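Biologist: I would like to learn how to read the local features of a model such as this one, starting from the backbone and going on to the side chains. Could you take me through them in order?

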Amino acid sequence: INKIKRFGLASLHLPSGKLTDWVPYTNGGARCLSFVNKRLFVGGGFSLCGIPYIQREGLAALDCKTGEILPWNPTEGDKSSVSVDALHLTPTRLYVGGKFSVMSGRSRESLAAFDVADGKIVESFASPFRNGTQILSFALDSNRLFVGGAGFIYQLDAATGVLIYVRDTSIFTQTPRYLWAIESGIGYYRALAVKDRILYVGGAFSGIRTPKYPQNFSEPRFCLAAIQIDSLTVSNWSANLFNLSPPSCGEGLIEENCYPSFVRKISFQSNSVLISGLLDLRPSRYTGVAALDIITGKLQTALPFIDTIVTTRRNEQNFQDTLYARGNTFAIDNTVLYSSNYDRPIAFDMQDGTKKIWQADTTMGYVSEINTLLVHNNVVYAGGSGLAAFKAYTRPLTTSVARAQESLPNAPLLSVHPNPTNGIAIASYLLPTPCRVRLELFDILGRSVRVCVQEAQTAGEHTALIQTSDLPAGVYFLVLESASGKSMQRLVVGR
C-alpha cells in the first residue's frame, strides 16, 4: 500500500490516507474485520497472524493500537480447518460465519457466537446448519439474525441460533407453518443489510425464491433485491444491473465469477442504498461503487471500477473507461499492454500511459468476444466466442512495439522456492546495477494476481515473499522486470 509492504492487514490515517506504523501480518487473506474498544477481530483463511506470526486458525484478535496479537484463541486445539468469511459485532456478542465444523472444541457448523466481555463461546447459541454449509454474510434486526451464504438466506433467533418459522395468515382456511428462508440452490448471497423492515440482498444470483411462491418459481432479480421481512415477499425495488443469464460452470452452485455483475457490500446513506462490487449498470457501465435511490432503485451516483490491469498504468484516470470490459483479458509484452475492445485486440504503450499504438482490423473477424490473449514474436493470438472463436493477428512494428520487442541481455536470474508451494514462496534475484524493479504474479490466463515488488532497489541479491495460501491451486507465472531485462519463472500452487 502506497509502495510500502504490508501483508494482509494495514492501517491508514483517515484525513491524509497515509499508512500508519501498525504492521500486523497474516499469511492468508483477511476477509472480514470488526472492532470494539481497542480490540480488532480478524477473520479469514490464514493460519498465522500478528507481530510476529503466531498460530491462529482463521480467527484472531489484535490490539488496535500496537498490532500485537491478543491471547484470545477460539480455534486452539480444534482439529479442523477454519475459514471465516463474515463477522457481525453487537455490544455483547460476536457472530462468526464461514466454513468450519468445530469452534472452541464445540460442534458448530459454519456458525458460532462469542461473548464480547470474556471471549468465550456462547454455549446456548447453536448452529442449525449441517453438511458443509458456507456462511458469507450477516444482518441483524432486533432479535432476528439473518444469515446468507451459498444458495440460502435464513432467519435465526439471535439469542439461540434456532431457525425461525412463521405462519401464512393470508390463507383463512388454514395457517400453514413454514420456514422463513430463501433457498435458490444456486448463487451466492454475499451482502445483507436491513432498513425499515426490508432486507436488502446482494451477491451473485439471477432470482429470488421464497416459500410464498409456488415450487420451482422465483422472482427474477439480478445480483440485488429487496425483501419485505414480515410478509416474506420480494419487493419491486431493483437496480438496473445488466440482466444476463450466467454461463454454466458445471453442476451445482454457479461460481461467482461466472456472473457479469456481483454485489459484495450494501450500506445506507440518507435516502440512498450504497452497493459495491463489480457492477454492470446501464448506461454507466462497469463501476465499483454506486448509490441507488432507496425508493425507486434508480442510479444516483457511480464511481469508476479500478481493475487490476489499471494499476500497472502511469495515468490511471484515463485508463478507467478505456481498458476495462467485463470478461476481457490482457497480456503484457515488455512495455506494451494488449487488451481487447470486445471483438478486437488493442495495444497500449505502457510507458506513454494512454497512447493507443495498434488495433486489429475486425472486417475479417466475426469474433463476438475475446476471452484470452497471447503475444508471441509478431503475432497476437486471440481466443473467444463467435463464428471465429480463434484468430491470429499480425501486429505492425510501430516505434513503440519495436521498442517493446528489444531483447535486453543480462536479465536478472529469478528463482523461487519452494516450488510447488501451498503457502509462502520466496523469490530470489540478483540485480547487477541499482534500478527500479517490478515483480508481479500472473495466472495461466495472463491476468495479474498481485504485484509483489514495485520499488527502486540497490544492486545485489534480493528476496521477496510470495503469498499463495489464498490462491486456487494451479500454475502461475512470476515475472521480474528491471532495467536489465525481463525474467519469468513458473510457480505451481498446490493444496
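Modeller: What follows goes through backbone geometry, a sheet, salt bridges and aromatic rings. This is a predicted model, in which local features need pLDDT of at least 70 and side-chain atom pairs count only at pLDDT 80 or more, while totals for chains, interfaces and linings use all residues. Residues are numbered from 1 along each chain as its sequence is written, and side-chain values use heavy atoms, with hydrogens and water left out.

Biologist: Which peptide bond leading to Pro418 or Pro420 is cis, and what is its omega?

Modeller: As a general idea, most peptide bonds are trans, and most residues other than glycine have a negative phi. Here the bond from His417 to Pro418 is cis, with omega near -10°, and the bond from Asn419 to Pro420 is cis as well, with omega near 10°. Pro418 lies in the loop between strand S33 (414–417) and strand S34 (424–431), and Pro420 is found in the loop between S33 and S34; strands are DSSP runs of E with at least two residues, helices are runs of H or I with at least four, and both are numbered from the N terminus.

Biologist: Where is Ser110 found, and is Ser110 buried or exposed?

Modeller: Ser110 is found in the loop between strand S10 (106–107) and strand S11 (111–115), and has a positive phi of about 65° although it is not a glycine. Ser110 is buried, with a relative accessible area of 0%, where buried means under 20%, exposed over 50% and partly exposed in between, with a 1.4 Å probe and protein chains only. Leu232, in the loop between strand S20 (224–228) and strand S21 (233–234), has a positive phi near 55° and counts as buried at 1% relative accessibility.

Biologist: What is the strand order of the open sheet of three strands?

Modeller: Strands of a sheet pair through backbone hydrogen bonds, either parallel or antiparallel. The order here is S1-S4-S5, with antiparallel pairing, and two strands pair if DSSP finds at least two bridges between them. Strand S1 (25–26) and strand S5 (54–55) stand at the edges with a single partner strand each, so one side of each has no neighbour in the sheet. S1 and strand S4 (residues 48–50) pair over two bridges, and the bridge partner of Tyr25 in S4 is Gly50.

Biologist: How many salt bridges does a search of the whole structure find?

Modeller: Side chains of opposite charge can pair when their charged atoms come close. The search finds seven salt bridges, each being a side-chain nitrogen of Lys or Arg within 4 Å of a carboxyl oxygen of Asp or Glu. One of them joins Arg31 and Asp85 (3.2 Å, N to O); Arg31 lies in strand S2 (residues 30–36) and Asp85 in strand S7 (residues 83–89), so the pair ties together parts that are 54 residues apart in sequence. Arg31 is partly exposed, at 42% relative accessibility, whereas Asp85 is buried, at 14%.

Biologist: How many aromatic pairs does the same kind of search find?

Modeller: There are twelve aromatic pairs, in which rings of Phe, Tyr and Trp (its six-membered ring) have centres within 6.5 Å, with planes under 30 degrees apart counted as stacked, over 60 as edge-to-face and the rest as tilted. Among them, Phe129 and Tyr154 have ring centres 5.7 Å apart and planes at 35°, so this pair is tilted. Phe152 and Tyr154 form a stacked pair, 5.2 Å centre to centre with 20° between the planes.
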